[in-house]
Amino acid sequence: MNSRILDHGLISPSRKRRLACMLYETMLLFGVVFIAGYFFDTLTQSKHALYLRHQRQAWLFFVIGLYFVWFWRHGGQTLAMKTWHIKLVNAEGRTVGWGQALIRYVLCWPLSLSGLGFIYSFFDPQGQFAQDRLCNTRLVSTKARPRGIEEATRAQ
């Protein structure tokens with residue numbers, strides 16, 4: 001059995017698709033951060049980026065977290081994940097819980113920014129990220145089953 005075919009008949013997306021999804025997510029987050037920053041500056045009458053810097057960082061951490069946790073909890077996909085046919089599920093293949101989504105979000109910061117989560121995926125038997133192993137979640141493909149199996153069995 002191919003290592004990209006998971007339990008419950010689910011298929012793990014390729015690293016290329018996950019990396020492309022992450023890059024697209026970064027572009028979408030630019031808009032989220034811009035609007036959240038504008039909202040913060042309007043409410044606090046901030047005229048300088050260093051004014052209330054720590055409060056701004058906490059606010060943006062909260063807003064980005066709300067974005068990810070909300071989408072992961074409601075459907076398992078952010079906008080970029082829908083585009084790239086990737087979904088976050090728990091070990092049973094169902095929608096993740098609030099706690100799992102929140103812990104995964106917090107773990108994603110150090111593991112994604114350092115690149116350790118991506119590097120770990122080369123050593124994981126199913127190619128999952130470190131934050132997914134620690135939270136007992138999985139990234140799975142939502143492509144049509146025959147097309148997904150064809151991609152999963154193709155030589156990497």
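**View 1. Burial across the whole chain.** In this predicted model, 39% of the 156 residues in the protein chain count as buried. The chain puts about 9400 Å² on show, and carbon and sulfur atoms supply 68% of that. If you're tallying contacts, take the ones between residues at least 6 apart in sequence: 65% of them join residues at least 24 apart.

**View 2. The fold, element by element.** Count along the protein chain and you get seven helices and two strands. Their order in sequence reads α-α-α-β-α-α-α-β-α. Two of the helices come up again in the close-ups: α2, covering residues 53–73, and α4, covering residues 98–114.

**View 3. A nonpolar patch on the surface.** Five residues are the ones to pick out here: F61, L102, V106, W109 and L113 make a nonpolar surface patch of about 490 Å². Helix α4 brings the largest share of this patch, with four residues. One residue to zoom in on is L102, which sits in helix α4. L102 has a relative accessible area of 48%, so it is classed as partly exposed, since that class runs between 20% and 50%.

**View 4. Y105, tucked into the protein.** Helix α4 is also home to Y105. Is Y105 buried or exposed? Y105 counts as buried because its relative accessibility is 3%, and the cut-off for buried is under 20%. Skip the neighbours within four places in sequence, and the contacts of Y105 are F61, I64, G65, F68, V69 and W72. F61 is therefore worth a second look, being in contact with Y105 as well as one of the residues that make the nonpolar patch.

**View 5. Y105 again, this time for its polar side and a distance.** Side chain to side chain, Y105 makes a polar contact with W109 at 2.9 Å. W109 also turns up in the nonpolar surface patch. For a longer hop along the chain, try Y105 and C135: these two are 30 residues apart in sequence, and their C-alpha atoms are separated by 9.9 Å.

**View 6. Q55 in helix α2.** Over in helix α2 we find Q55. With a relative accessible area of 44%, Q55 ends up in the partly exposed class, because exposed would take over 50%. What separates the C-alpha atoms of Q55 and F40? The separation is 9.3 Å, for two residues that lie 15 apart along the chain.

Technical notes
Residues numbered from 1 in each chain as written. Predicted model: local features only at pLDDT ≥ 70, side-chain atom pairs only at ≥ 80, totals over all residues. Heavy atoms only, no water. Patch = residues over 30% accessible without salt bridge, like charges linked within 9 Å, V, L, I, M, F, W, Y side chains within 5 Å. Areas by Shrake-Rupley, 256 points an atom, 1.4 Å probe, with all protein chains shown as cover. Salt bridge = Lys/Arg side-chain N within 4 Å of Asp/Glu carboxyl O. Buried < 20%, exposed > 50% of the residue type's maximum accessible area, 1.4 Å probe, protein only. Contact = heavy atoms within 4.5 Å. Polar contact = N/O pair within 3.5 Å; in protein donor to acceptor, adjacent residues only side chain to side chain.
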